[in-house]
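Student: Please pick one small part of this structure and look at it closely with me. Then I'd like to follow the chain of connections from there into the rest.

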Amino acid sequence: MNPSDYLSSLFSLTGKVAVVIGGTGELCGAMAEGLAGAGAEVVLVGRNADKAHARLAKISGAGGKAWFHSAEATSKAELEALRDAVVARSGRIDIVINGAGVNSATPYFDITEEEFDRIVRVNLKGVFLGCQVFGKHLVEQGQGGSIINLGSMSGVVPLSRVFTYSATKGAVHNLSLNLAREWAPHKVRVNVLVPGFFPAEQNRKVLTPDRVTSIMGHTPMKRFGEARELIGATLLLASDGAGSFITGEELIVDGGYHAMTI
Ligand SMILES: NC(=O)c1ccc[n+]([C@@H]2O[C@H](COP(=O)([O-])OP(=O)(O)OC[C@H]3O[C@@H](n4cnc5c(N)ncnc54)[C@H](OP(=O)(O)O)[C@@H]3O)[C@@H](O)[C@H]2O)c1
């Protein structure tokens, strides 16, 4: 390939199929728009059909191709049915985003076992199952692929108040690096996308005024991120062109939050 063809193909996802679990949400929905804009056929996955259809309208309005499949991220049977539906309708799977997530700011001594189990089930078991079902498919398909798991700053450094969430995200980072090592020989890359602070549905109740002040005091860019600012990093990790030698990476997009100590 000559240098200019190589450069123009770096971020192209033409002919690729992307499954975006959590694609009905704010961040993964924006990431899905980016994937579709780069040429991928996108499958939005979540449970809320209204949110899905609003996002599908934006994608198709911009000339992209996408459809919705309702699935519970914590059910292996539903994820297997999703995999089969995507293969039947779209013919292949190349990119998988595991982004379903829930949060809570309950004080540590008040966290019930029910709440702990619920957050672990979605944030950790959901990613574990997504990697198992789709990782097996990508390895067996034999044409490589890219898995992007949604991590968090709280998986890198413990953030106050979100105890269970932080523990699950720490585990997602660990699992992702483990799988990157296992599947590199199969050209299946596994990376963690690490957003800093982006206002969204799951963290709205966590972003109290005192916490916002604290976050801004610790963010050199002095603002929250906008969901579309994750698209560049998503395409880098998703593309077998631009991201061909990137696996086991924890790619932080946070306006400098992690670089600030005193
Ligand atoms: N916002 C941030 O600042 C931030 C920072 C770091 C990491 N993250 C991570 O980024 C990811 C996306 O979060 P977001 O901020 O965009 O939140 P969001 O808008 O609330 O989106 C989360 C999505 O997860 C889906 N979901 C939740 N439980 C599910 C389940 N059991 N089965 C299937 N889908 C389920 C929901 O879809 P339905 O409603 O359709 O079921 C929802 O659309 C999460 O993993 C989150 O932890 C966010």
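**From one loop residue inward**

Tutor: Let's start with Arg 161, which is partly exposed because 16 other C-beta atoms lie within 10 Å. To count as buried, a residue would need 20 or more such neighbours, and to count as exposed, 12 or fewer. Please keep in mind that what you are looking at is a predicted model.

Now find Arg 161 in the loop between strand 5 and helix 6, which covers residues 163-183. Its backbone deserves a second glance: phi is positive there, about 75°, although Arg 161 is not a glycine. Most residues other than glycine have a negative phi. At the other end of helix 6 there is a companion case, Lys 187, which sits in the loop between helix 6 and strand 6 (188-195). Lys 187 is not a glycine either, and its phi is positive, near 60°. Like our starting residue, Lys 187 is partly exposed, since it has 16 other C-beta atoms within 10 Å.

Let's go back to the loop of Arg 161 and step from there to strand 5. What surrounds strand 5? The strand is largely enclosed by the rest of the structure, because 6 of its 6 residues are buried. Looking at the two faces separately, Gly 145, Ile 147 and Asn 149 are buried on one side, while Ser 146, Ile 148 and Leu 150 are buried on the other.

Next, see how strand 5 (residues 145-150) is held beside strand 4: the two run parallel and are joined by 4 bridges. You can locate two of the partnerships by eye. Ser 146 in strand 5 is the bridge partner of Ile 95, and Ile 148 is the bridge partner of Ile 97.

Strand 4 itself covers residues 95-98, and both of its faces are covered too. Ile 95 and Ile 97 are buried on one side, with Val 96 and Asn 98 buried on the other. Strand 4 also pairs with strand 1 (residues 17-21), again in the parallel sense and over 4 bridges. Here the pair to look for is Val 96 in strand 4 with its bridge partner, Val 19.

Val 19 is a good place to pause. Not counting residues up to four places away in sequence, Val 19 touches Val 43, Val 45, Val 86, Ile 93, Val 96 and Phe 134. It is also among the residues with the most contacts inside the largest nonpolar core, a set of 59 residues. In soluble globular proteins, nonpolar side chains tend to be buried together. Ala 32 and Leu 35 are on that most-connected list as well, and both are among the buried residues of helix 2.

So how much of helix 2 is covered? In helix 2, 11 of the 12 residues are buried. The helix reaches 17 Å from its first C-alpha to its last, close to the 16 Å expected at 1.5 Å a residue. After the helix comes Gly 39, with a positive phi near 110°.

Helix 2 (residues 26-37) also leads us to the ligand, as it gives the most to the surrounding shell, with 3 residues. The shell has 27 residues, and those that come nearest to the ligand are Gly 25, Leu 27, Gly 46, Gly 101 and Ala 200. By character, the shell divides into 11 nonpolar, 11 polar and 5 charged residues.

One of those nearest residues, Leu 27, belongs to helix 2. Leu 27 counts as buried because it has 25 C-beta neighbours inside 10 Å. Leaving aside neighbours within four places in sequence, Leu 27 is in contact with Gly 99, Pro 195, Phe 198, Ala 200, Ala 227 and Leu 230. The fold brings distant parts of the sequence into play here: Leu 27 and Pro 199 are 172 residues apart along the chain, yet their C-alpha atoms are separated by 9.2 Å.

That completes our route. We began at the partly exposed Arg 161, passed through the enclosed strand 5, and finished at the buried Leu 27.

Methods. Residues are numbered from 1 along each chain as its sequence is written. This is a predicted model: local features need pLDDT of at least 70, side-chain atom pairs count only at pLDDT 80 or more; totals for chains, interfaces and linings use all residues. A residue is near a molecule or strand if its C-beta atom, placed from the backbone, lies within 6 Å of it. Ala, Val, Leu, Ile, Met, Phe, Trp, Tyr, Cys and Pro count as nonpolar, Asp, Glu, Lys and Arg as charged, and the others, Gly among them, as polar. A nonpolar core is a set of buried Ala, Val, Leu, Ile, Met, Phe, Trp, Tyr and Cys residues joined through C-beta atoms within 7 Å. Two residues are in contact if their C-beta atoms, placed from the backbone, lie within 7 Å. The expected span of a helix is 1.5 Å times one less than its number of residues. Two strands pair if DSSP finds at least two bridges between them.
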